[in-house]
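Reader: Please take a close look at one part of this structure, the stretch that links two of its elements, and then set that part in the context of the rest of the chain. I would like the reasoning spelled out as you go.

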Amino acid sequence: MIDFVRWLAAIERFQGISGDPYQTNYSEALKQGMRDSLEENPLAAAILELIDEAPKGQWSGRPRSCWMC
């Protein structure tokens, strides 16, 4: 992947594009792909949902020995 990012950086530089829009888009696509693969797992999907619904994406709590207690 790093080789591809280097190619993207070279293309951006050659085209005179300021910033790194190609690299940013590629990074976002990778992140979304990782999230999509996690959402296929029921436990991971539940954890992602819990985090997404928490204020500022943070959750705090205490572990219990019995989840039904």
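Author: Gln15 sits in the loop between H1 and H2, and what follows describes a predicted model rather than an experimental one. With a relative accessible area of 46%, Gln15 is classed as partly exposed, because that value lies between the 20% under which a residue is buried and the 50% over which a residue is exposed. Between the C-alpha atoms of Gln15 and Glu40 there is a separation of 39 Å, although the two residues are 25 positions apart along the chain.

The loop that holds Gln15 has a helix on either side, H1 and H2, of which H1 covers residues 2–14 and H2 covers residues 21–39. The chain as a whole contains three helices and zero strands, so that, read from the N terminus, its order of elements is α-α-α.

On the surface, the two helices that flank the loop share a nonpolar patch of about 420 Å², to which Phe4, Trp7, Ile11 and Tyr22 contribute. Helix H1 supplies the largest share of that patch, with three residues, while Tyr22 belongs to helix H2. Tyr22 has a relative accessibility of 31% and is therefore partly exposed, a value that also lets this residue into the patch, because patch residues need over 30% relative accessible area.

Helix H1 also carries a charged pair, in which Asp3 and Arg6 form a salt bridge with their closest N and O atoms 3.8 Å apart. That distance qualifies because the cut-off for a salt bridge is 4 Å between a side-chain nitrogen of Lys or Arg and a carboxyl oxygen of Asp or Glu. Asp3 and Arg6 are three residues apart in helix H1, which means that about one helical turn separates them. Arg6 itself is exposed, at 57% relative accessibility.

What joins helix H2 to other parts of the chain? One link starts from Arg35, which forms a salt bridge with Asp52, the closest N and O atoms lying 2.2 Å apart. Since Arg35 lies in helix H2 and Asp52 in helix H3 (residues 42–53), the pair ties together parts that are 17 residues apart in sequence. Arg35 has a second partner in Glu39, and the side chains of these two meet in a salt bridge of 3.1 Å, N to O. Both Arg35 and Glu39 are in helix H2, four residues apart, or about one turn of the helix. Taken together, Arg35, Glu39 and Asp52 make up a network of salt bridges. Its members are partly exposed, with relative accessible areas of 26% for Arg35, 39% for Glu39 and 49% for Asp52. In the whole structure a search finds four salt bridges, among them the pairs of Asp3 with Arg6, Arg35 with Glu39 and Arg35 with Asp52.

Beyond helix H3, Trp59 is found in the segment that follows H3, and at 54% relative accessibility Trp59 counts as exposed. The C-alpha atoms of Trp59 and Leu8, which are 51 residues apart along the chain, are separated by 36 Å.

These distances can be set beside the overall dimensions of the chain, whose C-alpha trace spans about 60 × 25 × 15 Å along its principal axes. The radius of gyration is 19 Å, whereas a compact globule of 69 residues would have one near 11 Å. Of the 69 residues in the chain, 7% are buried, and the accessible surface comes to about 6,400 Å², with 59% of that area belonging to carbon and sulfur atoms. As for charge, the chain has 7 positive and 10 negative charges, and the mean positions of the two sets are 11 Å apart. To return to the starting point, the loop between H1 and H2 places the partly exposed Gln15 between the helix that gives three residues to the nonpolar patch and the helix that contains Tyr22.

Definitions and conventions
Residues numbered from 1 in each chain as written. Predicted model: local features only at pLDDT ≥ 70, side-chain atom pairs only at ≥ 80, totals over all residues. Heavy atoms only, no water. Helix = DSSP H or I, 4+ residues; strand = E, 2+ residues; numbered from the N terminus. Rg over C-alpha atoms; globule rule 2.2 N^0.38 Å. Buried < 20%, exposed > 50% of the residue type's maximum accessible area, 1.4 Å probe, protein only. Areas by Shrake-Rupley, 256 points an atom, 1.4 Å probe, with all protein chains shown as cover. Lys, Arg positive; Asp, Glu negative; His and termini not counted. Charge placed at Lys NZ, Arg CZ, Asp CG, Glu CD. Patch = residues over 30% accessible without salt bridge, like charges linked within 9 Å, V, L, I, M, F, W, Y side chains within 5 Å.
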